[in-house]
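Work through the exercises below with the model open. Each task is followed by a stepwise solution.

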Amino acid sequence: MTTLQDEVRRRKRNTRLNLIAFSLLCFFGLGAILLRGTATSDTLASDPQASILGPAALGLLCWLLSLLVLLGIRPLSWKTLVAAFFLSLLTGLGATACTILVLERLQERAEFGHGPLRQKQADLAIAEAVYFRGKSGRYEITLRDYSRSFTVDEADYAAAFGEAEHVRPRGRCARVTLQKSAHTLRIIGLERGALPRGTLVRCRPDTPAPSW
């Protein structure tokens, strides 16, 4: 009878520990996805830059916490150890990404919530365009002057780059609306974090970065 009770207690304890670990992963993972997926603007340049130390420290703390929780599962086997390592690693990365996005949102709100703002439409040269194969597929461009990447509409990508999966184009730009505060430059008018349809246009190969 005692052995049966011990087994029941062990299973309940393992279930609680698994629930704690998966809750942490889901909280930070879904948080990062929602923050990125609901964005209507994105910062291109900021002075000063947000520090990475805080998000990295939180990510490390969440990694250790998740790892210790999962190592409490019994019986402990090599499969449990491998699962604990990778699950806790994903939790740490999710926590770091989520914290960075939160800090960026807060910094952006502080910068653009007051003071004089300047706004204009500009063509930003594209350095690279990539089609990521997968279940849903993703079309992405990287800007030349700001080293930032954005998802673009499939039809826009096809019209600009055809069926190429990876191309470094010349004479292609993203026509966007920029907004500038005293210290920060951002793109506005994004649709769930992606550039809206009709953004990709032809431009001069030597199109310079916009000046203010």
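**Exercise 1.** Classify Arg138 by exposure, then identify its salt-bridge partner.

Step 1. Arg138 has a relative accessible area of 36%, so Arg138 is partly exposed. The classes are buried under 20%, exposed over 50%, partly exposed in between (1.4 Å probe, protein chains only).
Step 2. Its side chain meets that of Glu140 in a salt bridge, 3.2 Å from N to O. A salt bridge here is a side-chain nitrogen of Lys or Arg within 4 Å of a carboxyl oxygen of Asp or Glu.
Step 3. Glu140 counts as buried because its relative accessibility is 17%.

The model is predicted: local features need pLDDT of at least 70, side-chain atom pairs count only at pLDDT 80 or more, and totals for chains, interfaces and linings use all residues. Residues are numbered from 1 along each chain as its sequence is written, and side-chain values use heavy atoms, leaving out hydrogens and water.

**Exercise 2.** Which parts does the salt bridge between Arg197 and Asp153 tie together?

Step 1. The closest N and O atoms of Arg197 and Asp153 are 3.2 Å apart.
Step 2. Arg197 lies in the loop between β7 (184–188) and β8 (200–202), Asp153 in the loop between β4 and α4 (154–161), so the pair ties together parts 44 residues apart in sequence. Strands (E, at least two residues) and helices (H or I, at least four) are DSSP runs, numbered from the N terminus.
Step 3. Arg197 is exposed at 64% relative accessibility. Asp153 is buried at 18%.

**Exercise 3.** Which residues join Asp42 in a salt-bridge network?

Step 1. Shared partners join Arg36, Asp42 and Arg148 into one network.
Step 2. Arg148 and Asp42 meet at 2.9 Å, N to O.
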